[in-house]
Structure formats: structure tokens, C-alpha cells
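Work through the exercises below with the sequence and the structure at hand. Each task is followed by its solution in steps.

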Amino acid sequence: MVALPFNSRRPRRPPAMAAAGDRALRARATITALVVFVLAASILSLGVGAAGVSLPDVLWQLASGEALGLRDRVVLFDIRLPRLLTGLLVGASLAVSGAVMQGLFRNPLADPGIVGVGAGAGLGAVLAIVLGAMLPPAVLAVAGMHLVPLAAFLGGWASTLVLYRVSTRRGRTSVATMLLAGIALGALAGALTGILVYIADDQQLRDLTFWGLGSLAGASWAKLAAAAPIMVLALIAAPVLARALNGLALGEAAASHMGISVQRMKNLAILTVAGATGAAVAVSGGIGFIGIVVPHLLRLAMGPDHRYLLPAAALLGAGLLLLADMIARLVIAPAELPIGIVTAVLGGPVFLWILLRRRGIVDM
Amino acid sequence: MLDAKNIDVALGGKPVLHNARLHAKAGRLTVIVGPNGSGKTTLLRAVTGDLPHSGSVHLNGQDTRRIPAWALAEIRAVLPQASQLAFPFTVHEVVRLGLVGATALRPDAAQLPTCALERVGLAGYGGRYFQELSGGEQARAQLARVLLQVWQPVVDGVPRWLFLDEPVAALDIGHQLQVMTLAREFARAGGGVVAVMHDLNLTAMFADDITLMLDGQVLAQGGVGDVLTDANLSRAYGCALRVCALPRANEAFILPQAAEIA
């Protein structure tokens, strides 16, 4: 136990490899592998579908200078490409908003679906589907197909604001209050949605059911244009939060002593979650488990450092959603399953397996 | 120089600190002592801005409320009493969180977490999960993180500060001495250290200045000999205490047994 003088210590030599417990290299390797995975899933996704347009044929035609047939062009550029991009963005948004919310709440089980943001977005969408028809024609003409996505986004945003107002006192957000308020908000939104379902006619019920189960089938350039900017903004904001979320793992006081403007970062985190979740729910309905399973798997693989976790979650979320979408398209082709069913069937057991393997995380 | 004046804190409507003050000089180890519930930790948390309070806190001549969080983190690190860590970080990753500001830009930054772990006697613990450590080891890992944040006690002639809330409470006697020695080394190198302590003998052994608290107020403030007196301690702790001195170094120690003998 010799006290070493300060200032005098310089490391004797740089270590040849990373220090024990430093998982940065593993994280970088994981991210590299995920980039390859997403690229492969994207190429596969372009080649799979009910229309039987095969990607090698199309590429061959392009390479040999032949003009693409009209049908191939429509299938590829107007159906599969927007669907691919929507899947990438929605998967990334769901996974990143899950990871951000879990970091904010310091709880690996927190998820936008749990704190009522998803329910709020859902209520907005249902309102638009059921009551949209009663709007003046002029408004309908302007809003058009943007009505449901827009309402879902506004619902998610509004519920986040209410949540925030309820659980923030004198500039401090209480995580416990926020979780409880989220449960209340979710129940309220669920009840209002239930009332609307009673009012709905048969066609609207069909729309509601499909939307609620989640699907990428309705993906189009127009829908993408309405929702993509919000999702892209949220994905750009997420890396800014990484250091703050790492600090918050030690508690708010410790984070602020590390030089993090805690309240500002919490505001940004809440906006990011609302934006990413609202916009994702808007284009694709309720797709569960991506936001909770993806960050879990990544923490197991490479540790919880948010500087790597957030980009990795975006990649894994995007890739997994593309895979789920391919399964949804192939299982009962030429019809297709709602993607929410696929993610629940795959994600539910994985989630239970994680809980069984590491019971400790529930207490953390 | 740390100068906190007229600090009033009320928790749940009940006044906990009244007109408390705290002075600490860079280059010295200042210890806050007092019985349970006297407001030691409350005073430290008010001074570090964790509790809403009235009064003023100046650090290195600047009002701390006017210094942005990132700039404050460059000159001051705070060790909390105990903290719960969310998510399975390794010890190395927890310590690495202390790499902020200019320290993170040093060319040897990547090796500093390992050096910090060596300093607190946790060499080789970097690869373990923080949650798997014992309470005392967790406390020392947190100390390594805090040390890393203010790695050089003086930067460009400006002293940096360590605020330690019961840094040795969970430690065995060997590690208590090690941690207190670290704190003293930091002060000797020009930095400022403010620590809340329970152990009067460690306080007598390591402190340069002492603030004695009782019922939310400062009972005595000054050098070891001025504050650690029979009268002060007996009054503060509500029992007979006698301050004795080691024959050779004239270093104070406190034994309840001694009061009975006298």
C-alpha cells in the first residue's frame, strides 16, 4: 500500500491490446458485422415478394443495358423500394427509442410501449380512422393520406408532453412518477380507443385491426415522405444523448457532476423517443418487441455503453424488421401476415429467454 | 478556495441546515464531522448543488450557480455516498465515465482508467462487472472514476476539487488508510479536498481543517487542535469523550474509554 505521488505517473508503455473490461473493440466489430447484416437483409428484401420479380434477373437486365419491363419497374421502385426504406427507418426508430427510453429510465425493461407513448400514438391513429370521415371535405383534401400518420405522431407527442408535465416538478423529472403516469395514460388511451372501436363501422374496424397489428404493406413514397424526416431527425439526435445516458446509469446527481446538463438531455431524450415512436407507429402501426429485445441482445453481446449501443440498435432493429417483413410476406404468400404478429411470435420467446437467463436485470 | 455562506436547507418543509458555512482551502484536506443527523451530508450536497438551498457557494472565486455543468465538472468531482448502477457495465467502463473534458483529450487517456484503478488498489479488476464487486470494492471503483475526473490536482495554476461523501464508510482499515492517503496526496499536490467523515480518529490523523456540525449548524471550524476538544466533542456527540495525544507525534486520538478513566 504505497501512496503514489500525483502528476508523476505516466503509463510506462501503451498496452498492446485493449485494457481488461474495455469492450470498445468488440462493440466496433459488432457494429461492422451489423452493417453487413443490414446490407444483406436489404438486398434479400428487394428480391422477395409476391410478384415473383427476382433481383438477379433485374440486375442482369440492367447490366446488359436492356430496359426494365414496366411491371418489374413498378414492383421494384414503387413497391419494394419504399417498403425497404420504411422497414429500415421504422426498425431503427423502434430500437433506438427503446434504447433511449431504457437509458433515461435506468431500467432495461422500459419501452415507449410501456410509458404510454405508443398508446397515445395509437389513439391518435384510431381517432383519425374513425372520426376522420366526419372532417370537412376541404380539410380531408389537404390532409389526404397523411391524416392517420399525422394523427398518430401528434398523439405520441401529446402523450409524451402530458407525461412530462405530470412527472416534472421544478425542472426535475421523477422516473417513478413517469412510469406510473405512463401506466395511467396507457389505460386512458386504451379506454378511449375502445370507445372509438364501438363507434366504428365495418370497414373502419377492418382498417383498425390491420393497423393495430402493424404492417409495412401500406408503405409508399408519400407515407415515407410524411414520416421519414421525423424519424431521421430522431436518429440524428440519438448519438448526442450517448454520453448523457451513460452518465445517467450512475444516477442523475452523478451525471450532473460529470458535466452533463441533465435536464436538457432528458428533454432531448423525451423528444427523440416521441418523434421516433410516433412516426414509426404512424407508418406501420403497432410493431412490438423490437424496442425491448434489440437493446437487450446488444447489451449481452457488447455491453451497455450507449456510444456503441445506439448505432448498433439502429442497425439491428432495421435488419431484424426487414427479416420479419420478409417472413410476413412469404409465410402465407401471396397474402401476407401483419408484421406485428411476426415480431411478437419471434420477439416474445426471445424476451422470455433473456429474462430466464438473466433474472438479475429485472432488479437493476 | 471554497467559500459557502448562509446555507439554509429545508427538506420536506423541515429546516435541516440553518446558516451553515463551509470554508476550505486548496492544498488542504477539510473534513466535516458531526453526529448522525447533524447535517454533514446535507451540507456537502448543498455545496455541490445536489439540494436546493439558499445562500452562496463560491469555488475558486466563482459563484458555482453561474458555472455551466461542463465547466464545473472540469474543476470539481463529487463522490456520492452510494450509487446504484443501472445496466451491466464493467469496472473499466464505470471508471472510464470519469474521463471528461480536457482529461479525455490527453494522449494517454486510454490508459488512465487502468492507472486510476491501480491507485485505489483495484489493479486487475477492470474486466469484472461492477455489480459483482463487494460494497467496499464498488466504493473504491467509484473513487477511481472520481479521481480520473480531476486527474491533475492543479491545472494552469487553478486548483481542482474532490468532494467525498463518507469515502471510507464501507472499507476495512487498510483500505481506509489507503483512501485517506490518496485524499491527502491530492491536497498536498495543490488540490482541494472536502470529505464527510464518521471516524474521528481517521479525521484526527488526516484532516488539516475540521468543520464540526451539530443540529444543522456549524459548532466549530478550524484546525484539528481547535475543533477536536473534549468540550466540543462531548457536546456534539452527547456523551463523555476525551481527546488524547500520542506521546511522540502529539497526534490526537479519541477513545470513549479514556473519558471513563479520567
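**Exercise 1. Describe the pairing of S6(B) and place it in its sheet.**

Step 1. S6(B) is joined by four bridges to strand S9 (residues 161–165) of chain B, and the two run parallel. This is a predicted model, and the pairing is read from its coordinates.

Step 2. One residue pair shows the register: Arg76(B) has Trp161(B) in S9(B) as its bridge partner.

Step 3. Both strands belong to an open sheet of six strands in chain B, with the order S6-S9-S10-S3-S11-S12 and mixed pairing. S6 and S12 of chain B are the edge strands, each pairing on one side only. From one strand to the next, the twist averages 15 degrees.

Step 4. A helix also meets this sheet. H6(B) lies across strand S3 (29–33), S9 and strand S10 (192–196) of chain B, at about 150 degrees to S10(B).

**Exercise 2. Find the antiparallel sheet of four strands in chain B and say which strands stand at its edges.**

Step 1. The open sheet with antiparallel pairing has the order S2-S1-S4-S5 in chain B.

Step 2. Strand S2 (14–24) and strand S5 (62–63) of chain B are at the edges; each has a single partner strand, so one side of each lacks a neighbour in the sheet.

Step 3. Inside the order, strand S1 (residues 2–11) and strand S4 (residues 54–59) of chain B run antiparallel and are joined by five bridges. Asp8(B) has Ser54(B) as its bridge partner in S4(B).

Step 4. Helix H1 (residues 40–47) of chain B packs on this sheet and touches S1, S2 and S4 of chain B. The direction of H1(B) makes about 70 degrees with that of S2(B).

**Exercise 3. Examine two loop residues with positive phi: are they buried or partly exposed?**

Step 1. Most residues other than glycine have a negative phi.

Step 2. Asn60(B) has a positive phi, near 50 degrees, and is not a glycine. Asn60(B) sits in the loop between S4 and S5 of chain B.

Step 3. Asp215(B), also not a glycine, has a positive phi of about 50 degrees. Its loop is the one between strand S11 (209–214) and strand S12 (217–223) of chain B.

Step 4. A buried residue needs 20 or more other C-beta atoms within 10 Å, and an exposed one has 12 or fewer. Asn60(B) has 17 such neighbours and therefore counts as partly exposed. Asp215(B) has 14 and therefore counts as partly exposed too.

**Exercise 4. Classify Leu200(B) and list its contacts.**

Step 1. Leu200(B) lies in helix H7 (residues 200–206) of chain B.

Step 2. Leu200(B) is buried because 22 other C-beta atoms lie within 10 Å.

Step 3. Apart from neighbours within four places in sequence, Leu200(B) is in contact with Val33(B) and Ile254(B).

Step 4. Leu200(B) and Asp3(B) are 197 residues apart in sequence, while their C-alpha atoms are 24 Å apart in space.

**Exercise 5. Describe chain B as a whole.**

Step 1. Chain B has 10 helices and 14 strands.

Step 2. Its C-alpha atoms fill a box of roughly 55 × 40 × 35 Å along the principal axes.

Step 3. For 262 residues, a compact globule would have a radius of gyration near 18 Å; chain B has 19 Å, which agrees.

Step 4. Of the 262 residues, 48% count as buried. Among contacts between residues at least 6 apart in sequence, 64% join residues at least 24 apart.

**Exercise 6. Describe the side of chain B that touches chain A.**

Step 1. The contact takes 42 residues from chain B and 37 residues from chain A.

Step 2. On the chain B side, the elements giving two or more residues are helix H2 (69–75), strand S6 (76–79), helix H3 (91–96), helix H4 (112–119) and helix H6 (173–188). H6(B) gives the largest share, six residues.

Step 3. By class, this side has 21 nonpolar, 15 polar and six charged residues.

**Exercise 7. Decide where chain A should be read with care.**

Step 1. The pLDDT of chain A averages 81, and 83% of the residues score at least 70.

Step 2. Over residues 1–16 of chain A, the pLDDT is below 50. This stretch has 21 contacts in the model beyond near neighbours in sequence.

Step 3. Where pLDDT is low, the predicted coordinates should not be read in detail.

Notes
Residues numbered from 1 in each chain as written. Chains lettered and ligands numbered in written order. Predicted model: local features only at pLDDT ≥ 70, side-chain atom pairs only at ≥ 80, totals over all residues. Contact = placed C-beta atoms within 7 Å. Nonpolar A, V, L, I, M, F, W, Y, C, P; charged D, E, K, R; others polar. Rg over C-alpha atoms; globule rule 2.2 N^0.38 Å. Pairing = 2+ DSSP bridges. Axes fitted to C-alpha atoms, helices over the stretch in contact; angles between N-to-C directions. pLDDT = per-residue confidence, 0-100.
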